[in-house]
Amino acid sequence: MSDVTTALLAGAIALALVLHLAWLARASRNRAKAALAAEVASIRTVIADAVDISDGTVGVVTWVGSWNERRVQVRTIVDTLATRKLPARWLSVSVTEPVAVPATFDMMMRPGSPTTFSNFDHLQHTLPKAPGFPAEAVLRTDLRGARFPQNLIASHLDIFAEGPAKELLITPNGVRIVWLLAEAERARYGVFRQAAFGTRLEPALVERLLASASGLRDAINRQERQVA
């Protein structure tokens, strides 16, 4: 085989590779657009006036709107921290209405490695747990000596009996629940280092988490009014 033929063959192979990679990239973008459109439709099934306010942070999509006359936020977060064995996709659902608590109350299930969705690791004060909290839960706050209605909170934790439930955050500005949607497909991530998630965002899950967060907020505020 002559040098010219070899060069032409190598060029053809390189061109084919470039074209194939371009096709893969285009297909990936098209899949991402279709997945985002499906998620918008799912969220608007529950929050009819949902608006995307994402700020461009990679892997984070944020919607805000109203649900049952309450301001709410829904966010999905892709966590690719190196401390995780596999990238994870989290669903954060918040009712952003005032809550009668004196400071931040953060309950994290099975805390171990840092996360991209929470400031739990930065809270300096660990709280003793009242009866009724899950054994795997750790409670923290940002205010030493702050008192919270722990018995009431513990009575609203049924959803945390399920493995995907990860965090309950209560602040004077609202209540948030964080849920593990999916971990990346192991085979694809192991070979291509691409985080692909097969789980869809289901409207029923969004509504269930909103109902849980809203019910807890209402209970805390109702008890505070009765005490006052």
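In what follows, Ala, Val, Leu, Ile, Met, Phe, Trp, Tyr, Cys and Pro count as nonpolar, Asp, Glu, Lys and Arg count as charged, and the others, Gly among them, count as polar. The structure is a predicted model. Its strands include an open sheet of 9, paired in antiparallel fashion, and helix α4 lies across five of them, namely β2, β3, β4, β8 and β9. The model also has 1 cavity of 30 Å³ or more.

**The sheet**
- The strand order is β1-β2-β3-β4-β9-β8-β5-β7-β6.
- β1 (51-52) and β6 (125-127) are the edge strands; each has a single partner strand, so one side of each has no neighbour in the sheet.
- Strands of a sheet pair through backbone hydrogen bonds, in either a parallel or an antiparallel way.
- Strand β5 (residues 105-109) runs antiparallel to strand β8 (residues 165-171), and 4 bridges join them.
- Within this pairing, Phe105 has Ile170 of β8 as its bridge partner.

**The helix across the sheet**
- Helix α4 spans residues 203-227 and runs at about 40° to β4 (88-95).
- The other strands that α4 lies across are β2 (60-67), β3 (70-79), β8 and β9 (174-183).

**The largest cavity**
- The largest cavity holds about 30 Å³ of space.
- Its lining consists of His156, Leu157, Leu168, Val175, Ile177, Ser212, Ala213 and Leu216.
- β9 and α4 are the elements that give two or more residues to this lining.
- α4 provides the largest share of the lining, with 3 residues.
- By class, 6 of the lining residues are nonpolar and 2 are polar, while none is charged.

Conventions. Residues are numbered from 1 along each chain as its sequence is written. This is a predicted model: local features need pLDDT of at least 70, side-chain atom pairs count only at pLDDT 80 or more; totals for chains, interfaces and linings use all residues. Side-chain values use heavy atoms; hydrogens and water are left out. Two strands pair if DSSP finds at least two bridges between them. Contact means heavy atoms within 4.5 Å. Axes are lines fitted to C-alpha atoms, for helices over the stretch in contact, and angles run from 0 to 180 degrees between N-to-C directions. On a 1 Å grid over the protein atoms alone, a cavity is a set of points where a 1.4 Å probe fits but cannot get out, and a pocket is an open set with protein on both sides within 12 Å along at least five of seven lines; lining residues have an atom within 4 Å of a point. Grid points are joined across faces, edges and corners, and a volume is the space filled by probe spheres set on the points.
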